[in-house]
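Work through the exercises below with the sequence and the model open. Each task is followed by a solution in steps.

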Amino acid sequence: MATTSNSTSTGTIVFYDIGHKPPVTESCCSPNPWKTRLALNFKAVPYSTSWVAMPDIAKVRRSLGESAGRKFADGSDFYTLPMIHDDATGSTISDSFDIAVYLQHTYPDSGAGDLFPPQTLDFTFTPPFDLAVPLSERGDGGFPEYYRFNTNVDAVFTTHTLLMVSGMPLDPATIEQTKAEFVRRAGVRSWDDFTLTSEAREKLMESFQGALGDLAKLFLENTEGPFLLGQRASYADLIVGAWLRMAYVCLPKSEWEEVRCWHDGVFGRLHDALDTFAEVK
Ligand SMILES: N[C@@H](CCC(=O)N[C@@H](CS)C(=O)NCC(=O)O)C(=O)O
């Protein structure tokens, strides 16, 4: 039976993340919740995490009055996380970008400061095929440059998530249900269809490396790195860093080492530098 459970830390904000294989603090790998975790830690606001089993996401969102945030390709509802509830303001927000904007507006000077300092984020990526589940479209919250960047970064990583699906540390308590749901969404026959031959993996890794080239260039423009603005992190770094957390947990170790080293090691440096904001509470 799927459940939700709270971690021990306390705070006025409750952050809802997907609970994968125990210990959840080591297996958490969902990129959009990671954007929120990094943003909460960046803002240094007190919060606790509520771990939600994959099959319970719809129920938990609905219990807080939130409708589905995404649609599947056939137009049906797709209930997702992250979501936060902030007791201090009575607000519930259920999209990672909206959460970052909310944190910036509500706690402008907290922690490491401005999540959205002005900058040009010139990176675009068009998926070469229709994604199995279309990305969300929402308002830009007054930060159009960051919003566009988020969409394009989501697109480049989502195009290559097949490399990570079979390595996802799914919760044994709900694994069969979760696998069946992934199979249904992708329109494949069985979970084994997500396993790539070594030749297909190699090709997809090559494509991934190439597709990340322009993103890497953007990071390399500021030679003081590891962040886009040099020594100062912003939400744009957290967006990329969140996807790297997924890659770190779900890729075979040897492929993660490759990703770290691509393009002069720019992604390895970013990942390591974001450890400051990566505590799982
Ligand atoms: N636009 C949403 C997308 C959220 C999203 O797609 N979340 C994924 C995890 S990264 C999810 O909840 N998946 C649930 C599922 O696959 O059933 C956001 O940024 O919060």
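**Exercise 1. A helix pair**

At what angle do the axes of helix 2 and helix 10 cross, and within what distance do they come?

Solution. The model is predicted. Step 1: locate helix 2 at residues 31-43 and helix 10 at residues 235-250. Step 2: their axes come within 8 Å and cross at roughly 130 degrees. Step 3: angles over 145 degrees count as roughly antiparallel and 65 to 115 as roughly perpendicular, with the rest above 35 oblique; helix 2 is therefore oblique to helix 10. Step 4: the handedness of this crossing is right-handed.

Find the residues that make this contact, and sort them by class.

Solution. Step 1: helix 2 contributes Pro31, Trp34, Lys35, Leu38, Ala39 and Phe42. Step 2: helix 10 contributes Tyr235, Leu238, Ile239, Gly241, Ala242, Trp243, Arg245 and Met246. Step 3: sorting gives eleven nonpolar, one polar and two charged residues.

**Exercise 2. A second helix pair**

Describe how helix 9 and helix 11 pack.

Solution. Step 1: helix 9 covers residues 213-220 and helix 11 covers residues 253-273. Step 2: the axes are 9 Å apart, at an angle of about 80 degrees. Step 3: the range 65 to 115 degrees counts as roughly perpendicular, so helix 9 is roughly perpendicular to helix 11. Step 4: on the helix 9 side the contact has Gly213, Leu215, Ala216, Phe219 and Leu220, and on the helix 11 side His263, Asp264, Val266, Phe267, Arg269 and Leu270. Step 5: by class, these are seven nonpolar, two polar and two charged residues.

Which residue of helix 11 has a positive phi although it is not a glycine?

Solution. Histidine 263 lies in helix 11, and its phi is about 50 degrees. His263 is also one of the residues that meet helix 9.

**Exercise 3. The ligand**

How many residues surround the ligand, and which are the closest?

Solution. Step 1: the count is 16 residues, and the closest are Arg70, Asp95, Ser96, Ser136 and Arg185. Step 2: take the side-chain N or O atoms that lie by an oxygen atom of the ligand. For serine 96 the distance is 2.5 Å, for arginine 185 it is 2.7 Å, and for asparagine 32 it is 3.2 Å.

**Exercise 4. Cis peptide bonds**

Locate the cis bonds that precede proline 23 and proline 226.

Solution. Step 1: proline 22 and proline 23 are joined by a cis bond with omega about -5 degrees. Proline 23 sits in the loop between strand 2 (13-18) and helix 1 (24-27). Step 2: glycine 225 and proline 226 are joined by a cis bond with omega about 5 degrees. Proline 226 sits in the loop between helix 9 and helix 10.

Note on methods:
Residues numbered from 1 in each chain as written. Predicted model: local features only at pLDDT ≥ 70, side-chain atom pairs only at ≥ 80, totals over all residues. Heavy atoms only, no water. Axes fitted to C-alpha atoms, helices over the stretch in contact; angles between N-to-C directions. Helix = DSSP H or I, 4+ residues; strand = E, 2+ residues; numbered from the N terminus. Left-handed = near helix turned anticlockwise from the far one by under 90°. Contact = heavy atoms within 4.5 Å. Nonpolar A, V, L, I, M, F, W, Y, C, P; charged D, E, K, R; others polar. Near = heavy atom within 4 Å. Polar contact = N/O pair within 3.5 Å; in protein donor to acceptor, adjacent residues only side chain to side chain.
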